[in-house]
Amino acid sequence: MNRYDDAFHEWNNSLLFARLRMTSIFLLLCYPVFLYVDLVLLKDVGNPLFLYTLTSIHTSGFIASLILVFIYQKFQKSESFMRSSWPHSLIILFVAGYVLASALSSLNSHRLSGNIDAYVVVLIGVAAVFPLRPRYFAYILVPCHLLFLYVLAQIPQDDFSLHAKQINTSMTVCISFFIVLAFHSYRKKEFNYKREQKESAENLRKLFDINPYPLLLSRLSDGRILLMNERAQKEWPCTAGDEERYDTSYVFQDAADRQEVVEQLRKTGSIKNHVLQQKSAPGFTRWAMVHYEVIEYDNIPCILSGMTDITELKKVESELAKHASIDLLTGQLNRRSGIEALQQLVAESRSSWISCTICFVDINNLKQVNDQYGHREGDALITTVCDVIRGVICADDILFRYGGDEFIILFIGKSQEAVEALWDVIWQQFLAINAAQKKPYLITASHGLFYFCSGMDVTIEDMIEQADAAMYKEKTRRKKELSDMVGGAHPLV
């Protein structure tokens, strides 16, 4: 037996008892018409037994309806009475009375006119209005119909007419039973479904209350918030005049983000690990990871949103990303990040005008400094060269370490002539440092240029190779000049 059976039968009996009262009131309103028919329209029928039987049925029904209405008015608010077996017993008694009265009325009419329509109509009507438990309805139908068939067979008539009426009424009995069976089963399933939905809603509320993370339930259609657990209330306290809140300000970036999420939810039903950035206060950004799930709540499609604060994790991630993209020695971009910047530049050049001069830089004599003075001095040489270059180039230009002693500068929007002018400034600063004789070695670097602009069919590898080749030409050209600069305090190493 289903765990909801007792509750369903109690609810169904209450409903059928109310319908029985409405039916009784309807019949009471119809009895003046029945009285007019009995005393006026049919007074000259000439068959006293027919009139006596019809009047007796109408009178009995009138009295029974009065009694039922009285009982309902007196006991409808009594929980003990409504939960007892009395309502169910009265329903069965009156339904049996309706079926039996219709059978007797049809048999009475059949003796006069051969008509049995009342029996057929009442059977269908009772089945539709009073969907009892099918077995109880069968207990009523079987003896009443057998009695009807027996009396019908006693009334003189031809065999063809008798058999037709027996078959038609028997089919009506079967149909009325299946109507009761279908209606009763449907109402039971509907009741169980509603009870399950109610229990699910109650369980959902309990989960809301005990969950340590912010949970929010909002309508899928417009984002109206239906439920927020205690943790969510602490995260987003309600202010005066803010009773009707919408989820856009809580678990979505903005209205556009919500629309995108809703469209995906309609297709998939759930979204996991949606990263959300919120401006929770001036100058402070909060990051959250949100899980969205489409569920039914009170027969309304809703979004269940569960949020986890990942602000601290994002801070750590940002630091890790910074270390992953920055060269620790020089503080400039590393090779991976620099190449990504160059790739982005090339990608943008396909849709808009972009020009850039790529400068390949190689620090002179780093190996000799490492061998003769140690790697600490070699690192100092690298950082000194980087500081000089960074101090001359523009903020929009990109400097990154390509290898051990190799660097690349992306001069955005500058021609080769403009870059050469900047390099002359860099070179003069190298000369000034060397003239101060603070280091036992010369600080210099060689460079080579490649100009790139939108429309050029060249790969990143080709750009770097050509700039590298130009650098070696420049290194060879400067070699003699560097030799002339050597003095006693600055040996060429």
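Trainee: Which residue of strand 8 stands opposite Phe 400?

Mentor: Ile 408 is the residue of strand 8 that stands opposite Phe 400. Please note that this is a predicted model, in which local features need pLDDT of at least 70 and side-chain atom pairs count only at pLDDT 80 or more, whereas totals for chains, interfaces and linings use all residues. Residues are numbered from 1 along each chain as its sequence is written, and side-chain values use heavy atoms, leaving out hydrogens and water.

Trainee: In which sense do strand 7 and strand 8 pair, and over how many bridges?

Mentor: Two strands pair if DSSP finds at least two bridges between them. Here strand 7 (residues 398-401) and strand 8 (residues 406-412) are paired in the antiparallel sense, with four bridges. A hairpin of four residues leads from strand 7 to strand 8.

Trainee: How many helices and strands does the protein chain have?

Mentor: Helices (H or I, at least four residues) and strands (E, at least two) are DSSP runs, numbered from the N terminus. By this reading, the protein chain has 16 helices and nine strands.

Trainee: How should I read the sign of phi?

Mentor: Most residues other than glycine have a negative phi. Asn 273 is not a glycine, yet its phi is positive, about 60 degrees. This residue lies in strand 3 (residues 270-281). Asn 365 also has a positive phi, about 65 degrees, and it belongs to the loop between strand 6 (355-363) and helix 13 (366-373).

Trainee: Are Asn 273 and Asn 365 buried or exposed?

Mentor: Buried means under 20% relative accessible area, exposed means over 50%, and partly exposed lies in between (1.4 Å probe, protein chains only). Asn 273 is partly exposed, because its relative accessible area is 46%. Asn 365 is partly exposed as well, because its value is 23%. For the protein chain, 40% of the 493 residues count as buried.

Trainee: What does the radius of gyration tell us about the protein chain?

Mentor: The radius is taken over C-alpha atoms, and the globule rule is 2.2 Å times the number of residues to the power 0.38. A compact globule of 493 residues would come near 23 Å, but the protein chain has 48 Å. Its C-alpha trace spans about 150 × 50 × 40 Å along the principal axes.

Trainee: What share of the contacts joins residues 24 or more positions apart?

Mentor: A contact means heavy atoms within 4.5 Å. Among contacts in the protein chain with a separation of 6 or more, 63% involve residues 24 or more positions apart.
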